[in-house]
Amino acid sequence: VMQLFEDNYPEFMKHVFIVNAPRIFYIIFAMVKPFLSQKTKDKMRVLGSNYQEILREYVDTDNIPKALGGQLVDADNDPNCLGMTGHGGEVPISYYLSELTKENIRPLEDYSSVIVGRGDVLKLDYDIDIPGTLLKWEFKTDYHNVAFGVIKVIENDDGTCEYYEVQTHLTCVLLITILKIPVMRRNSQLALEEGSYFCEDTGKYILQFDNSFSWITSKSLHYIVEVLSPDETVVNDLGTK
């Protein structure tokens, strides 16, 4: 992936000087360095105790923060120039990208909320007794994505069960029971995920939220699931036209 970006996407980096790096940086950098092109590695220098001398070879002292041996301070006379450079930190909640907070979306209180643990799977079972029932859902996660899919359970005469992942198509219901797709990771941390499944057959259906791919991160999930009878499905279709 890094090679792809280096070969196809322009970058404007001329020199990178790394100063006052913690010890852990050297370990991480040693792991990443073999994947960088020689051209990129030549632009990067990790400086030692003589960093001030080397910085002055490339940058005027008037443009070097005072904390790094130059003369530059910000409007608050801060030698670190925090008012002039972005040093990271906590992102204000007002900047969060959250579809659940928009006015045209249901309030968060309407959603069921649950934590899907690291390496865990949440399965919501629904027994459908009437053909033509519509399973309708919407969900959102905080900060991280989660895999989602709909599974049809087929019970055999010998008592065993088979599990089929169904197509969660949003518009062409005629294809829903024909096409198959696996449970897929959804970027539900970026936008509200909405969908529905037209159950032509009766039986058990599972809405599966899969976090088994994540070994270290639990996912905060907010969801709404509606089970609409055929009559309610017709009304729902009319209401969306």
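## Exercises on a predicted model

**Exercise 1.** Which residues does Leu124 touch, leaving out those up to four places away in sequence?

*Solution.* Start at Leu124 in this predicted model. With residues up to four places away in sequence set aside, Leu124 touches Tyr205, Ile206, Leu207, Phe209, Tyr223 and Val225.

**Exercise 2.** Find the residues of the largest nonpolar core that touch the most other members, and say which strands supply the core.

*Solution.* The core has 20 residues. Those touching the most other members are Leu124, Leu135, Trp137, Phe139, Leu207, Phe209 and Tyr223. Next, look at the strands: S4 (121-128), S5 (133-142), S6 (146-155), S9 (193-199), S10 (203-210) and S11 (219-228) each give at least two residues to this core. The largest share, four residues, is from S4.

**Exercise 3.** Is Val32 buried, partly exposed or exposed?

*Solution.* First, locate Val32 in helix H2, which covers residues 23-32. Buried means under 20% relative accessible area, and exposed means over 50%. Val32 has 31% relative accessibility, so Val32 counts as partly exposed. Now look at its partners: Val32 joins Ile24, Ile27, Ile28 and Met31 in a nonpolar surface patch, and together these residues have about 470 Å² of accessible area.

**Exercise 4.** Describe the chain as a whole.

*Solution.* Begin with the secondary structure: five helices and 11 strands. Then take burial: 30% of the 241 residues count as buried. For the surface, the accessible area is about 16,200 Å², with 54% belonging to carbon and sulfur atoms. Finally, consider contacts between residues at least 6 apart in sequence: 71% of them join residues at least 24 apart.

Technical notes:
Residues numbered from 1 in each chain as written. Predicted model: local features only at pLDDT ≥ 70, side-chain atom pairs only at ≥ 80, totals over all residues. Heavy atoms only, no water. Buried < 20%, exposed > 50% of the residue type's maximum accessible area, 1.4 Å probe, protein only. Contact = heavy atoms within 4.5 Å. Areas by Shrake-Rupley, 256 points an atom, 1.4 Å probe, with all protein chains shown as cover. Core = buried A, V, L, I, M, F, W, Y, C linked by side-chain atoms within 4.5 Å. Patch = residues over 30% accessible without salt bridge, like charges linked within 9 Å, V, L, I, M, F, W, Y side chains within 5 Å. Salt bridge = Lys/Arg side-chain N within 4 Å of Asp/Glu carboxyl O.
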